[in-house]
Amino acid sequence: MSRTADAIRSADAHSAHNYHPLPIVVTSAEGAWMTDVEGRRYLDMLAGYSALNFGHGNRRLIDAAHAQLERVTLTSRAFHHDRFADFCAELAALCGKEAVLPMNTGAEAVETAIKTARKWGYKVKGVPDGHAKIVVAADNFHGRTTTIVSFSTDHEARDHYGPYTPGFEIVPYGDLTALAHAVTPNTVAVMLEPIQGEAGVLVPPAGYLAGVRELTRERNVLFMADEIQSGLGRTGRTFACEHEGVVPDVYILGKALGGGVVPVSAVVADRDVLGVFRPGEHGSTFGGNPLACAVALEVIAMLRTGEYQQRAAELGDHLHRELNLLVGGGAVTAVRGRGLWAGVDIEPSHGTGREISEKLMELGVLVKDTHGSTIRIAPPLVISKEDLDWGLEQLRSVLAAG
Ligand SMILES: *Cc1c(COP(=O)(O)O)cnc(C)c1O
């Protein structure tokens, strides 16, 4: 039996089957390339759902992690540590905001944003206690906790996890009229992904985010942008909201903030919003730990140069130009996205997204399907143009053969 089959059989025997990974067993990775246990190399065109924006084994991030590992890794928030202030100051500055509340995973940051909005609603806006509403979009993906799946419209993500958390209103994504109708005096926040990643890299209609900003400002409602996947360089800007010149009240960040090294997430907002918390009212044992802060500080320093955003914009233009040439050729029905991020809808007669992903894997390219007929392309921002072109070449050959 091959090492790959052996490792997969063993994993299946001893783990919950809440994922259906492609049949590859990775043993090392560098930049945009991964190597499996058989010694085969693959181009990573998923980048850990954007957690690996700076590539595998990024020297600056690994060095920052190593140096911090030798000093101190965890204090808990019971004590101060010497990387915390810099991390908060630098992240706040990157976001143009005043304060940071660090957590670990994306879902925890979303939960934190929900708690922030509710507390802000009761303590600042004056909503009667227990009546706060948060408006969210259909087809959202904000994480996997019981509260977050309560307002998911994806049956796989939501079914059989009830009873569900109340207090959420779901409106169609991209529809400002529906949003305006859903906002009431008890609405404390509108929470959206500026581009819906899991839904298939859906970019909202032009003017939507600016319209959400205007509406939420007029109605005294917080605009909370879940930039966990869209933020930190992926779309060619630091934040996807920037494409419409929009500054939300609350940024929800994760994934790339930890550089693919450690989980780091955060809620970032001004003091009038994050100031609602008092000691003991929220927290996390690992949130804001020294190792996380050291890696995230390096991530922020890299983003402050602007070179990753520029790279994502330039290579992204190239990616979308090439992908759009495939539309109408029979195999591809639509391409969406921004920067180095694309959802490619495959004509079903050419195979499911999963089948296309498996064929690409055989040619040495790793992507991930979503919602049946879509494949998602999001390589590390450090990918070379030559490698990107090679990956696209493999996609063309799979589609031509199908
Ligand atoms: C991945 C993701 C999350 C959840 O992050 P986890 O770290 O997996 O909990 C939330 N929102 C968006 C938009 C995401 O892409």
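Q: In this predicted model, how far does a backbone N or O atom of Ala107 lie from an oxygen atom of the ligand?
A: Let's start where the protein meets its ligand in this predicted model. Ala107 is among the residues that surround the ligand. The pair to look at is a backbone N or O atom of Ala107 and an oxygen atom of the ligand, and their separation is 2.8 Å.

Q: Which side chain has an N or O atom 2.7 Å from a nitrogen atom of the ligand?
A: Backbone atoms take part too: one N or O atom in the backbone of Gly106 lies 2.8 Å from an oxygen atom of the ligand. For the ligand nitrogen, though, look for a side chain. At 2.7 Å from that nitrogen you will find an N or O atom of Asp226.

Q: How much of the ligand's accessible area does the protein cover?
A: A nitrogen atom of the ligand sits 2.7 Å from the side chain of Asp226. On its own, the ligand has 380 Å² of accessible area. The share of this area covered by the protein is 81%.

Q: How many residues of the shell around the ligand are nonpolar, polar and charged?
A: The surrounding residues include Phe141, His142 and Lys255. Gly counts as polar in this grouping, which is handy to know for Gly106 and Gly143, both in the shell. Sorted this way, the shell has three nonpolar, five polar and three charged residues.

Q: Is Tyr164 buried, partly exposed or exposed?
A: Now let's visit another spot. Tyr164 sits in the loop between helix H7 (155-158) and strand E6 (168-171). Its relative accessibility is 28%, and the middle class runs from 20% to 50%. Therefore Tyr164 counts as partly exposed.

Q: Which residue's backbone oxygen does the side chain of Tyr164 reach at 2.7 Å?
A: Leaving out residues up to four places away in sequence, Tyr164 touches Ser150, Arg158 and Asp159. A polar atom of the Tyr164 side chain also lies 3.5 Å from the backbone nitrogen of His160. The backbone oxygen reached at 2.7 Å belongs to Arg158.

Q: Which strands are at the edges of the open sheet E1-E2-E3-E13?
A: Four strands make up this open sheet, with mixed pairing, in the order E1-E2-E3-E13. An edge strand here pairs on one side only. The strands that do so are E1 (26-30) and E13 (365-366).

Q: Which residue in E2 is the bridge partner of Glu30?
A: E1 and strand E2 (residues 33-36) pair over four bridges, in the antiparallel sense. Follow the bridge from Glu30 into E2, and the partner you reach is Trp33.

Conventions
Residues numbered from 1 in each chain as written. Predicted model: local features only at pLDDT ≥ 70, side-chain atom pairs only at ≥ 80, totals over all residues. Heavy atoms only, no water. Helix = DSSP H or I, 4+ residues; strand = E, 2+ residues; numbered from the N terminus. Buried < 20%, exposed > 50% of the residue type's maximum accessible area, 1.4 Å probe, protein only. Contact = heavy atoms within 4.5 Å. Polar contact = N/O pair within 3.5 Å; in protein donor to acceptor, adjacent residues only side chain to side chain. Near = heavy atom within 4 Å. Areas by Shrake-Rupley, 256 points an atom, 1.4 Å probe, with all protein chains shown as cover. Pairing = 2+ DSSP bridges.
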